[in-house]
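Biologist: I am new to this model and would like a close look at one small part of it. Start there, then work outwards so that I can place it in the whole.

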Amino acid sequence: MIAFMNFDVVIIGGGLVGSSLAASLGSSGLSLALVESQTPPEPAAEWDGRIYAISPGSRSYLEQSGVWSLLDPARIAPVEAMRVFGDTGAELEFSAYQIGKAELACILENRALQHALWQKLQQQENLTLLHPASCVALRLDGDAAELELGDGRTLNAKLVVGADGRDSWVRDQADITAAPLDYRQFGVVANFGCELPHRGIAYQWFQPDGILALLPLPGNRVSMVWSVGPEKSAALLALDQDELCAQIEAASQYTLGKLSIITAPAAFPLRMLTLQHIVARRLALIGDAAHNIHPLAGQGVNTGFRDARQLATLLLERGAQNDCGDANLLRRYERKRKEDIYSMQATTYGLKYLFNNDTPVLRTLRNFGLSATNRLTPLKKMLMQHALN
């Protein structure tokens with residue numbers, strides 16, 4: 001016997017962005033379902049190798065839904081300043097003090113945030129959690145969307161939200177296609193103990209063969225993201241712990257002294273995905289299902305949270321319009337998100353191309369640009385204000 005379940009909104013994908021959307025709609029009066037294929041992870045006893053720089057805007061969004069208060073403050077590190085180095089001595093420094101803020105971002109662990117979100121969702125009366133559950137068919141028509149699960153249940157919804165990541169099944173079912181741009185780079189990540197205090201400063205070195213970032217963790221610890229080509233990525237993963245630490249110490253100009261490894265390195269491929277449309281009939285995409293961005297600006301998850309925040313705002317403010325999947329509402333969502341998504345992708349692509357290039361003219365221009373920007377306080381403030389959203 002097939003079971004039919006009716007909802008206003010069905011969210012497919014229970015990662016950070018999809019979970020945050022469900023949490024932000026907790027007091028909306030809408031009937032919600034969240035479909036997730038995996039069992040939610042428990043917080044890591046040791047330090048999680050996957051971390052995020054959460055912007056003040058994203059933090060405010062998570063605070064409003066009651067998620068932030070469920071996090072352990074001892075596992076969160078504020079970023080009070082950022083220092084960016086070119087490959088010939090040029091430097092650019094951002095400080096929260098310059099714009100009258102306490103911090104530029106907060107660094108926290110993926111599993112800790114995921115666990116806090118699911119704690120909140122399990123308390124939510126208007127939400128049905130379906131996990132682990134597989135999706136086998138999605139039909140979109142004029143009046144409702146119909147989602148068939150692997151166990152035979154069928155969900156009917158006015159709106160389906162695809163939040164199922166970079167290889168989105170939902171996106172494929174809606175025939176929203178685009179060829180991703182392969183950066184031919186991998187993000188190599190690991191956590192380290194450091195000899196010298198980081199003082200809440202995030203560091204980034206633009207180098208001809210990659211981009212190295214060291215982000216502050218609580219105590220004398222840092223998290224590394226090193227964006228490099230496939231050959232160097234493989235070489236880094238093959239090093240023993242002492243050799244890896246020595247390479248990072250040298251690449252970071254010994255800024256934090258001796259390093260000691262906390263979590264083993266891992267690597268993930270980098271790409272850019274730009275879609276002409278992030279909505280279809282009865283469907284909206286958010287997070288990595290809607291766009292992929294280079295991690296050099298640390299804005300990937302924040303861009304996804306801005307997707308969820310914008311969609312939640314439109315659903316909460318739809319007034320007498322009871323249809324959550326109304327085409328005009330979805331078009332408004334797409335229009336409001338396109339500028340932010342495209343500008344972030346253009347910025348990260350431009351910086352990656354500018355610095356991963358051995359052309360002498362570009363080398364001169366990129367380092368001159370860093371130094372010039374560092375002297376232009378209004379421009380620095382404008383860049384920081386955008387990153388705070």
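Biologist: Which residue in E7 is the bridge partner of Val79?

Modeller: It is Ala105. Keep in mind that this is a predicted model.

Let us build outwards from that pair. Val79 and Ala105 are bridge partners, and their strands, E4 and E7, pair in the antiparallel sense over 3 bridges. Strand E7 covers residues 105-109. Strand E4 covers 77-79. A further strand, E3, completes the group: the order is E3-E7-E4, in an open sheet of 3 strands with antiparallel pairing. Strand E3 (51-54) and strand E4 each have a single partner strand, so they stand at the edges and one side of each is left without a neighbour in the sheet. Neighbouring strands here are turned by 30° against each other on average, direction ignored.

A helix joins this picture. Helix H3, residues 110-121, lies across E3 and E7. Its direction runs at about 85° to E7.

Now step back to the chain. It has 389 residues, and 52% of them are buried. There are 10 helices and 18 strands. Take the contacts with a separation of 6 or more: residues 24 or more positions apart account for 75% of these.

Next comes another sheet. This one is open too, with 7 strands in the order E6-E5-E13-E14-E15-E12-E16 and mixed pairing. Strand E6 (91-95) and strand E16 (259-272) are its edge strands, and each pairs on one side only. Neighbouring strands are turned by 15° against each other on average, again with direction ignored. One parallel pairing is worth finding on screen. Strand E5 (residues 81-85) runs parallel to strand E13 (residues 201-207), and the two pair over 5 bridges. Ala81 marks the spot: its bridge partner in E13 is Ile201.

Helices meet this sheet as well. H5 packs on it and touches strand E12 (181-194), strand E15 (221-228) and E16. The direction of H5 makes about 25° with that of E12. Helix H6 (residues 241-251) lies across E12, E13, strand E14 (210-217), E15 and E16. H6 runs at about 70° to E16.

Zoom in on H5, which spans residues 230-238 and includes Ser233. Is Ser233 buried or exposed? It is buried, because its relative accessible area is 4% and the cut-off for buried is under 20%. Setting aside neighbours within four places in sequence, Ser233 is in contact with Phe186, Val188, Val228 and Ala267.

After H6 comes a loop that leads to E16, and Gln253 lies in it. Tyr254 lies in that loop too. Their backbones deserve a look. Most residues other than glycine have a negative phi, and most peptide bonds are trans. Gln253 has a positive phi, near 60°. Tyr254 is not a glycine either, and its phi is positive at about 60°. How do they sit towards the surface? Gln253 counts as partly exposed, because its relative accessibility is 47%. Tyr254 is exposed, because its relative accessible area is 52% and the cut-off for exposed is over 50%.

The peptide bonds hold a surprise of their own. From His131 to Pro132 the bond is cis, with omega near -15°. Look for Pro132 in the loop between strand E8 (127-130) and strand E9 (135-140).

Finish with empty space. The second largest pocket holds about 250 Å³. Its lining has 15 residues, and those closest to its centre are Ser24, Tyr61, Gln64, Ser65 and Leu316. Which elements give two or more residues to the lining? They are helix H1 (16-24), helix H2 (56-64) and helix H7 (300-316). By class, the lining counts 4 nonpolar, 9 polar and 2 charged residues.

One of these helices is worth a second look. H1 is mostly covered, with 9 of its 9 residues buried. Among the buried residues are Leu16, Val17, Leu21 and Ser24. Ser24 is also one of the residues closest to the centre of the second largest pocket.

Note on methods. Residues numbered from 1 in each chain as written. Predicted model: local features only at pLDDT ≥ 70, side-chain atom pairs only at ≥ 80, totals over all residues. Heavy atoms only, no water. Pairing = 2+ DSSP bridges. Helix = DSSP H or I, 4+ residues; strand = E, 2+ residues; numbered from the N terminus. Axes fitted to C-alpha atoms, helices over the stretch in contact; angles between N-to-C directions. Contact = heavy atoms within 4.5 Å. Buried < 20%, exposed > 50% of the residue type's maximum accessible area, 1.4 Å probe, protein only. 1 Å grid on protein atoms, 1.4 Å probe; cavity = no way out; pocket = protein on both sides within 12 Å on 5 of 7 lines; lining within 4 Å. Points joined across faces, edges and corners; volume = space filled by probe spheres on them. Nonpolar A, V, L, I, M, F, W, Y, C, P; charged D, E, K, R; others polar.
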